[in-house]
Amino acid sequence: MPAYSFKERFVPLIKSGEKKQTIRSKRKRSTRRGEVLYLYFGLRTKWCTKIGEAICTDVKHIIIQPTGVFIEDHLLEDIELEALAKADGFPDWEIMQRWWRQTHPLPFVGDIIYWNELKN
């Protein structure tokens, strides 16, 4: 039962279907394709609200470095970085990169988890 908590700014993007992925640190047991994902705002707080459920469609290894991003062993090019940023709920790669540098030590090693449409 993988449960993921999101910041408030991402909730409308998840509900609208614009955001169908999340980048997370590695867990003891990685999320697997086909599992139900439980998506929340404010998990483990008194403001906890369920955003919805979705089926995991894929999980890929991601490394975010100051010099670039690798998904699996593929170094993303500029156009792919822009697509990654938009799919993750950011207006562009520059803003996403700035946010990552402020919130995570680099290099960041984790998983990018994809899902299909949201079910309430």
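Which residues does Gly34 touch, not counting residues up to four places away in sequence? Select Gly34 in this predicted model, in the loop between strand S2 (21-25) and S3, and display its surroundings: the residues it touches, with that exclusion, are Ile55 and Cys56. If you then draw a distance from the C-alpha atom of Gly34 to that of Ile71, a residue 37 positions away along the chain, the separation is 20 Å.

**The whole chain**

Zoom out and colour by secondary structure, and you should find three helices and seven strands, which follow one another from the N terminus in the order β-α-β-β-β-β-β-α-α-β. The radius of gyration is 14 Å, close to the 14 Å that the globule rule gives for 120 residues, so the protein is as compact as a globular protein of that length. Along the principal axes, the C-alpha atoms fill a box of roughly 35 × 25 × 25 Å. Among contacts between residues at least 6 apart in sequence, 68% join residues at least 24 apart.

Switching to a surface view, you are looking at about 7200 Å² of exposed area, of which carbon and sulfur atoms supply 52%. If you colour by charge, the 20 positive and 16 negative charges have mean positions that lie 10 Å apart.

**The nonpolar core**

Hide the surface and turn to the interior, where 39% of the 120 residues count as buried. In soluble globular proteins, nonpolar side chains tend to be buried together. Here the largest nonpolar core has 30 residues, and the members to select are Phe6, Ile23, Leu39, Ile62, Val69, Leu84 and Met96, which touch the most other members. Among the elements that each supply at least two residues of this core are strand S1 (3-6), helix H1 (11-16), strand S4 (49-65), helix H2 (78-87), helix H3 (93-103) and strand S7 (108-115).

Select Met96 next: leaving out residues up to four places away in sequence, Met96 touches Ile23, Leu84, Ala85, Asp88 and Phe90.

**His61 and its surroundings**

Move now to His61 in strand S4, a residue that counts as partly exposed because its relative accessibility is 26%, which falls between the 20% limit for buried and the 50% limit for exposed. Beyond its neighbours within four places in sequence, His61 is in contact with Lys26, Phe70, Ile71, Glu72, Val109, Gly110 and Asp111. One of these contacts deserves a distance label, since His61 and Ile71 are 10 residues apart in sequence and 5.8 Å apart from C-alpha to C-alpha.

**Backbone stops**

Most residues other than glycine have a negative phi, and most peptide bonds are trans. With that in mind, stay with a contact of His61, namely Glu72, which is found in the loop between S5 and strand S6 (74-75). Phi of Glu72 is positive, near 60°, and the residue counts as partly exposed at 40% relative accessibility.

Then select Arg44 in the loop between S3 and S4, another residue that is not a glycine and has a positive phi, here about 65°. With a relative accessible area of 79%, Arg44 is exposed.

Finish at Pro107, whose place is in the loop between H3 and S7, and show the backbone atoms there: the peptide bond that joins Leu106 and Pro107 is cis, with omega about 5°.

Conventions. Residues are numbered from 1 along each chain as its sequence is written. This is a predicted model: local features need pLDDT of at least 70, side-chain atom pairs count only at pLDDT 80 or more; totals for chains, interfaces and linings use all residues. Side-chain values use heavy atoms; hydrogens and water are left out. Helices (H or I, at least four residues) and strands (E, at least two) are DSSP runs, numbered from the N terminus. The radius of gyration is taken over C-alpha atoms; the globule rule is 2.2 Å times the number of residues to the power 0.38. Buried means under 20% relative accessible area, exposed over 50%, partly exposed in between (1.4 Å probe, protein chains only). Contact means heavy atoms within 4.5 Å. Accessible areas come from the Shrake-Rupley method with a 1.4 Å probe; for residues, only the protein chains shown count as cover. Lys and Arg count as positive and Asp and Glu as negative; His and the chain ends are not counted. The place of a charge is taken as NZ of Lys, CZ of Arg, CG of Asp or CD of Glu. A nonpolar core is a set of buried Ala, Val, Leu, Ile, Met, Phe, Trp, Tyr and Cys residues joined through side-chain atoms within 4.5 Å.
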